[in-house]
Amino acid sequence: MKFLSKIGLAAALVAGSMTAANAFTACQVTDVGGIDDAGFNQTAWKGVEDAKAAMGIEGRFLESQAETDYAANLNSLNDGSCDIIVTVGFLMGDATKAAAEANPNQKYSIVDFAYDPTIPNVLGQVFATDQAAFLAGYLAAGMSKSGVVGTFGGLNIPPVTAFMDGFVYGVNHYNSQHGTSVSVLGWDPAAKEGLFTNNFESLDDGRAFAQNLYDEGADIVMPVAGPVGLGSAALASELGADALKIIGVDADQVATDPDHEAIYLTSVLKRMDSTVGAAIAAAADGTFAGGLTVGTLENDGVGLAPFHAFEDAVPAELKAELDAVRAGIIDGSIKVGM
Amino acid sequence: MSLSNQDLQKALLRPLGRGRQEFEDLVVVPLIAVVIALLFGMVVMLATGVDIGTIGRAFVALAKGAFGSLNAVSETLTAAIPVVLAGLGLGLGFRAGLFNIGAEGQILMGGLAAVIFGFSFDHLPFAILMPLTLIVAMLVGAAYAAIAGALRALTGAHEVISTIMLNLISYRILDYALRQPFVQKEGRSDPISKSVPDAAQLPKLLDWIDPNLRLHAGLFLMLAMVLFVWWLLFRSKIGFAFRASGENPDAAKYAGMPSGLIIVLAMATAGGLAGLAGGAQVLGVLERASPGFSAGLGFDAIAVALLGRSHPVGILFAGILFGGLEAGGRQMQVDAGVSIDLIGIIQALIVVFIAAPLLVRAIFPWGFRKDGKGAAE
């Protein structure tokens, strides 16, 4: 026993003395989906990875396993080794605010939360995802053969329902342009009620919710629940792309989930990687300021991913209409809303 | 864990007071279990391709994050408070022969009740509201556990099954409650409760040094309950009845002890302590209720009660160890990039070795008395 513990101690001491990094360090606290969720958290972490590659900084992360971990995780990053702390997710809003007020000299940036009034040492990153989801809804309405499309969310919170709002409005816009009556299951933007898995983890829920929507006639489904959507993609792969297509969210899911590349019609991009990277760059070169940054279609903070496997299946006419709608949203002639 | 319930009960309820063997069971076996679990953790890290330098850094970070600074100690104790409180209740149940898996649900119900009571009576002054809120948490936890106790006493329904089912029911009750307009936070459409008013919160103990130190007055509650449970178990009449019916229910019955009442009382006491754990957690740390805010504390508490050999003092130290593992585990991920899931593996291994003292004795025979009498059961 003693012998073994001595070896362990010696190895530990050697290793401990080897870490003398004084490089700029960006730290990230993920939400409960995990750093490898092929979507939300992974995209935000990509921002740090990109900054590591481009600027030679250090990056660290801490995964939250439950909502109760947020404050504890933020607390364990308080030893002064982080030059900026990025928190990922709306649910971390309260914990980030508390930490930022207790540590006024520490720079923070939070994805998906806008403080009102703003906090001097926190940069909020929010996204007009409804604009990009509007395009996805328009596309889905144009591609649906059954005339029914569906969506469901992880939790009834604004960053999730923004996708679902935009999706419904996009379908409605298509209907009003073409005189069709494509219907959307799973979300009612007026009543703010719809289908929610109430978690961001269960792939089984993703499969079950997509199955329900499919049984109700939907042939295109947009899951807005992080890794939960991977379960929906697995179902679609079994049923085949003719029966059920999936619209990914956050990242281009053909890239993050290549196993199911044949069934992703497109993805609604929320470019957290670029805003996180920009926040890190600003902190590194001294231009960091608290406040708010908003990703829109115009500044490429949100967008629509390529159609990949469906490049040929999407009619040229529909592609041209999508370009026109995109331009209309940017110049304000098309309103994303009821 | 693939051990049968009977094996576990046998391991847990082995009578105390056999001198050397007691010392071995209470101190040597748990210590060895912890060390083996850490070594296995190292093997797991090696197997997942972590290099030896990173493993060294990980263990340094584990120790640093658990006990290496004032903040680390504060985090360790903060994490220990709820598992010790709930673990005391579970240990007491084990002594009475009840294998209560329901701490998770009792924590949720106690915590939820504390939150609702706290914001409903926010005009009361601190000196009245805070203690009253804790009492409400305790009573609700006790009542929830008493359901399983009554089912056992009246119908013979096994408490393992009924407490597991009550856990599942408690998750749904919480989800339902969090959507009620008088509970849900204003302006939010996701399930999250209103905040607990300041007057109901357990005061922070160290925030005058640094506002990041989260240690709260639940620490004193925890220590008081360790003393209380020790007194209850080993110095009071009812505690004697608990232990007697745990050792030999038939003998206790023939000695004139009301077995049904003892079961209900023991379950209620255990549930009260778990409810207090939930109350301390929401009033000291979380400040609100959200879905699944117990976050597995009730299951960690089972491990803590096992590791502490159902002895209040043992549970205190086991809880501090688990608190240290949790606080240190976070540091491990920050400093070495080792997954926090590894801490879960180490905790599980500790439980496996604790629940199997014979295995520990077989692996490390030289740690124990040679004549083997202590090892044989």
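Me: What makes Asp94(A) and Lys185(B) a salt bridge?

Reply: In this predicted model, the closest N and O atoms of Asp94(A) and Lys185(B) are 3.1 Å apart. The cut-off is 4 Å between a Lys or Arg side-chain nitrogen and a carboxyl oxygen of Asp or Glu, so the pair counts.

Me: And why is Arg288(B) with Asp94(A) called a salt bridge?

Reply: Run the same kind of check: the closest N and O atoms are 3.5 Å apart. That is within 4 Å, and an Arg is paired with an Asp, so the name applies. Arg288(B) sits in the loop between helix 11 (259–286) and helix 12 (297–307) of chain B, while Asp94(A) belongs to helix 4 of chain A, so this pair crosses between chains. As background, side chains of opposite charge can pair when their charged atoms come close.

Me: How many salt bridges are there between chain A and chain B, and how many over all chains?

Reply: Two between chain A and chain B, and 18 over all chains.

Me: What else makes up the contact between chain A and chain B?

Reply: Chain A brings 32 residues and chain B brings 31. Together they bury about 2700 Å², with 56% of that on carbon and sulfur atoms. Nine residue pairs are in polar contact across the interface, both partners at pLDDT 80 or more. On the chain A side, the elements giving two or more residues are helix 1 (2–18), strand 2 (58–62), helix 3 (69–76) and helix 4 (93–102). Sorted by class, that side has 16 nonpolar, 11 polar and five charged residues.

Me: Now the sheets. Why are strand 2 and strand 13 of chain A called edge strands?

Reply: The strand order is 2-1-3-4-5-13 in an open sheet of six strands, with parallel pairing. Strand 2 and strand 13 (291–295) each pair on one side only, so they are the edges. Neighbouring strands here are turned by 20° against each other on average, direction ignored.

Me: How do you know that strand 5 and strand 13 of chain A pair?

Reply: Pairing needs at least two bridges, and strand 5 (residues 122–127) and strand 13 have five in the parallel sense, so they pass. Gly124(A), for one, stands opposite Leu292(A) in strand 13.

Me: What does helix 4 of chain A touch in that sheet?

Reply: Helix 4 packs on strand 3 (84–88), strand 4 (107–111) and strand 5 of chain A. Its direction makes about 170° with that of strand 4. Angles go from 0 to 180 degrees between N-to-C directions, so about 170° puts the helix and strand 4 close to opposite directions.

Me: What is the pairing in the sheet with the order 7-6-10-11-12-14?

Reply: Mixed, in an open sheet of six strands in chain A. The edge strands are strand 7 (183–185) and strand 14 (302–304), each pairing on one side only.

Me: How do you know that strand 6 and strand 10 of chain A pair?

Reply: Five bridges again, in the parallel sense, between strand 6 (residues 148–153) and strand 10 (residues 220–224); two would do, so they count as paired. One of the bridge partners is easy to find: Gly153(A) goes with Val224(A) in strand 10.

Me: Which strands does helix 6 of chain A lie across, and which does helix 7?

Reply: Helix 6 (residues 158–178) lies across strand 6, strand 7, strand 10, strand 11 (245–250) and strand 12 (264–270), at about 170° to strand 6. Helix 7 (residues 203–215) lies across strand 6, strand 7 and strand 10, at about 155° to strand 6.

Me: What makes the bond between Asp116(A) and Pro117(A) a cis peptide bond?

Reply: Look at omega: about 0° for the bond joining the two. Pro117(A) is in the loop between strand 4 and strand 5 of chain A.

Terms used
Residues are numbered from 1 along each chain as its sequence is written. Chains are lettered from A and ligands numbered from 1 in the order in which they are written. This is a predicted model: local features need pLDDT of at least 70, side-chain atom pairs count only at pLDDT 80 or more; totals for chains, interfaces and linings use all residues. Side-chain values use heavy atoms; hydrogens and water are left out. Contact means heavy atoms within 4.5 Å. Buried area is the accessible area (1.4 Å probe) that two parts lose on being put together, summed over both. A polar contact is a pair of N or O atoms within 3.5 Å; within protein, one must be able to donate a hydrogen and the other to accept it, and residues adjacent in sequence count only if both atoms are side-chain atoms. Helices (H or I, at least four residues) and strands (E, at least two) are DSSP runs, numbered from the N terminus. Ala, Val, Leu, Ile, Met, Phe, Trp, Tyr, Cys and Pro count as nonpolar, Asp, Glu, Lys and Arg as charged, and the others, Gly among them, as polar.
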